[in-house]
Amino acid sequence: MLVYVEVLGGSYPTDSITNITPSIIAKTHLQLHNQPSHPLNNLRSMIESHYPDFTHLSSFSPLVTPFKNFDELSFPQDHPGRSPTIYSQGGNQVALTADVYRRDEIDGSHYPVFHQMEGACIFDATPTGMKEVEEDNHRLSQDLARSNILIEDPSHDPRYSELVALNLKLSLNTLMLRLFSGAAGASSQNPLRVRWIEAYFPFTSPSFEVEVFFGGKWLEILGSGVVRQATLDTANVSDKIGWAFGLGLERIAMILYSIPDIRLFWSTDPRFLSQFKDGAITTFKPYSKYPSCFKDVSFWTPQHKSLHENDFCDLVRDVAGDLVEDVKKIDDFVHPKTNRQSLCFRIIYRSMDRSLSNEEVNEIQSQVVSGLENRFGVEIR
């Protein structure tokens with residue numbers, strides 16, 4: 001008998017690797033990156049304004065096929081991204097933003113839904129197209145030469161000096177300057193420091209990670225590279241050449257706005273939302289720090305069946321939602337005689353908006369324990 005899951009008004013059959021949870025389904029329609037004055041919307045708009053000639057796309061359905069998600073982007077069949085855990089739209093210059101779903105741990109910087117922004121710029125692979133790249137490189141180089149930015153790019157491989165790779169670097173250097181120079185207090189005596197690091201991504205070659213020196217340390221900001229020919233061929237633009245980048249809006253917004261907990265992006269509390277305005281970077285002012293309360297749960301796992309930490313986190317999110325601040329595994333023990341595995345997790349409860357009573361936390365913890373027994377067949381210790 002087929003089991004179906006309801007998502008955005010549609011009904012879809014499940015299979016053995018379907019793992020979408022009710023807490024995830026409840027967020028599929030929210031699209032924080034399109035909500036006025038929300039910090040993620042502000043950041044998206046700032047990046048889009050840096051690329052005014054690009055087509056801007058930000059209203060996508062989260063429902064995609066494996067072909068769109070992996071094959072079209074040249075992911076190998078054995079890539080970890082395929083485990084159960086867009087050039088054809090927008091023309092030659094496109095910036096798109098959408099929500100991304102991923103099973104994840106629970107702490108202040110991880111969430112099973114986040115928002116990704118991708119950019120791509122494609123040129124004609126002809127002498128005329130390369131002349132356009134040269135002209136754009138000259139313009140961008142002059143802009144950067146007049147700005148307070150220090151770029152560390154130690155690579156001297158001849159491939160990296162190709163026009164398209166250079167255009168990618170110049171374009172993203174100007175974006176880093178736009179986003180971080182004000183918050184970092186960049187000046188001629190203390191320029192913004194940006195560095196490029198060789199990396200690997202399945203859909204670009206060469207590939208790079210970009211880091212910015214901010215708050216006394218290097219921070220990874222985005223991944224980028226020259227688009228692989230196989231990816232362009234799949235998109236039916238085999239006569240083109242271009243670059244692409246991808247960045248997580250939450251990661252950058254937490255840095256720029258000094259937002260300490262990723263759960264806050266989902267808050268509807270006016271004390272949070274009223275602090276932000278379109279087109280402005282403002283420092284978040286915490287409106288309260290309510291006390292935390294932790295509860296431990298220890299159990300034997302079923303014989304010959306493992307329980308992944310993300311399975312536990314999914315259950316906790318389904319039961320407690322955003323009332324949980326952190327989950328840590330504090331013990332993992334195998335009995336020497338029975339060979340049974342015992343796990344112990346500590347759940348830290350803390351609301352961002354109000355105080356939680358012991359009675360409320362105890363009731364939630366009781367539901368977590370019941371869920372463990374019913375969903376995974378564990379034996380509570």
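This is a short tour of a predicted model, stop by stop, for use with your viewer open.

**Stop 1: colour by confidence**

Start by colouring the chain by pLDDT. The protein averages 87, and 91% of its residues reach 70 or more. Now select residues 80–90, where the pLDDT is below 50; beyond near neighbours in sequence, this stretch still has 25 contacts in the model. Residues 155–161 are also below 50 in pLDDT, and that stretch has 9 contacts beyond near neighbours in sequence. Where pLDDT is low, the predicted coordinates should not be read in detail.

**Stop 2: the eight-stranded sheet**

Switch to a cartoon view and look for an open sheet of 8 strands, with mixed pairing. Walking across the sheet, you meet the strands in the order E3-E4-E5-E10-E9-E8-E7-E6. Which strands are at the edges? Select 55–57 for E3 and 149–152 for E6: each of these edge strands pairs on one side only. Ignoring direction, neighbouring strands of this sheet are turned by 25° against each other on average.

Stay at the E6 edge for a moment. E6 runs parallel to E7 (residues 192–201), and 4 bridges join the two. To see one bridge, show Leu150, whose partner in E7 is Arg193.

**Stop 3: the helices on the sheet**

Next, select residues 39–50. This is helix H2, packed on the sheet and touching E3, E4 (93–101), E5 (113–124) and E10 (240–248). Its direction makes about 10° with that of E5.

Then select 249–257 for helix H7, which also packs on the sheet. H7 touches E4, E5, E8 (204–214), E9 (217–227) and E10, and its direction makes about 55° with that of E10. How many of the 9 residues of H7 are buried? The count is 8, so to speak of H7 as mostly covered is fair. The buried residues include Glu250, Met254 and Tyr257. Just after H7, click on Ser258, which takes a positive phi of about 55°.

**Stop 4: strands E8, E9 and E10**

Back in the sheet, show E8 and E9 together. They pair in the antiparallel sense over 9 bridges, and one of the pairs to display is Glu211 with its bridge partner in E9, Glu220. At the turn of this hairpin, with 2 residues between the strands, Gly215 takes a positive phi near 65°.

E9 is mostly covered, with 8 of its 11 residues buried. E9 also pairs with E10 in the antiparallel sense, over 5 bridges. Show Leu222 to find Leu247 of E10 standing opposite.

**Stop 5: strand E11 and its partners**

Move on to residues 293–300, strand E11. E11 and E13 run antiparallel and are joined by 8 bridges; Phe294 has Ile348 as its bridge partner in E13. E11 also pairs with E14 (residues 379–380), again in the antiparallel sense, over 2 bridges. Here Phe299 stands opposite Ile380.

**Stop 6: the aromatic rings**

Show the side chains of Phe, Tyr and Trp. A search of the whole structure finds 17 aromatic pairs. Begin with Phe201 and Phe203: the ring centres are 6.3 Å apart and the planes meet at 15°, which makes the pair stacked because planes under 30 degrees apart count as such. Phe203 is partly exposed, with a relative accessible area of 22%.

Now zoom in on Phe312 and Phe345. Why does this pair count as stacked? The planes are at 10°, and the centres are 4.1 Å apart. Phe312 belongs to helix H9 (residues 309–320) and Phe345 to strand E13 (residues 341–349), so the pair ties together parts that are 33 residues apart in sequence. Are these two rings' residues buried or exposed? Phe312 is buried, at 0% relative accessible area, and Phe345 is buried too, at 1%.

For a cluster, select Tyr257, Phe272, Phe276, Phe284 and Tyr287, which are linked by ring pairs.

Two charged side chains are worth adding to the view. Lys169 lies over the face of Trp196, 5.8 Å from the ring centre. Arg317 lies over the face of Tyr111, 5.5 Å from the ring centre.

**Stop 7: Leu323**

Finish at Leu323, in the loop between H9 and strand E12 (324–334). Leu323 has 18% relative accessibility and counts as buried, because the cut-off is under 20%. Leaving aside neighbours within four places in sequence, its contacts include Arg263, Ile348, Tyr349, Leu356 and Ile364. For a distance label, pick the C-alpha atoms of Leu323 and Ile281: they are separated by 27 Å, and the two residues are 42 apart along the chain.

Key. Residues numbered from 1 in each chain as written. Predicted model: local features only at pLDDT ≥ 70, side-chain atom pairs only at ≥ 80, totals over all residues. Heavy atoms only, no water. pLDDT = per-residue confidence, 0-100. Contact = heavy atoms within 4.5 Å. Phe/Tyr/Trp six-rings, centres within 6.5 Å; stacked < 30°, edge-to-face > 60°. Buried < 20%, exposed > 50% of the residue type's maximum accessible area, 1.4 Å probe, protein only. Lys NZ or Arg CZ within 6 Å of the ring centre and 35° of its normal. Pairing = 2+ DSSP bridges. Axes fitted to C-alpha atoms, helices over the stretch in contact; angles between N-to-C directions.
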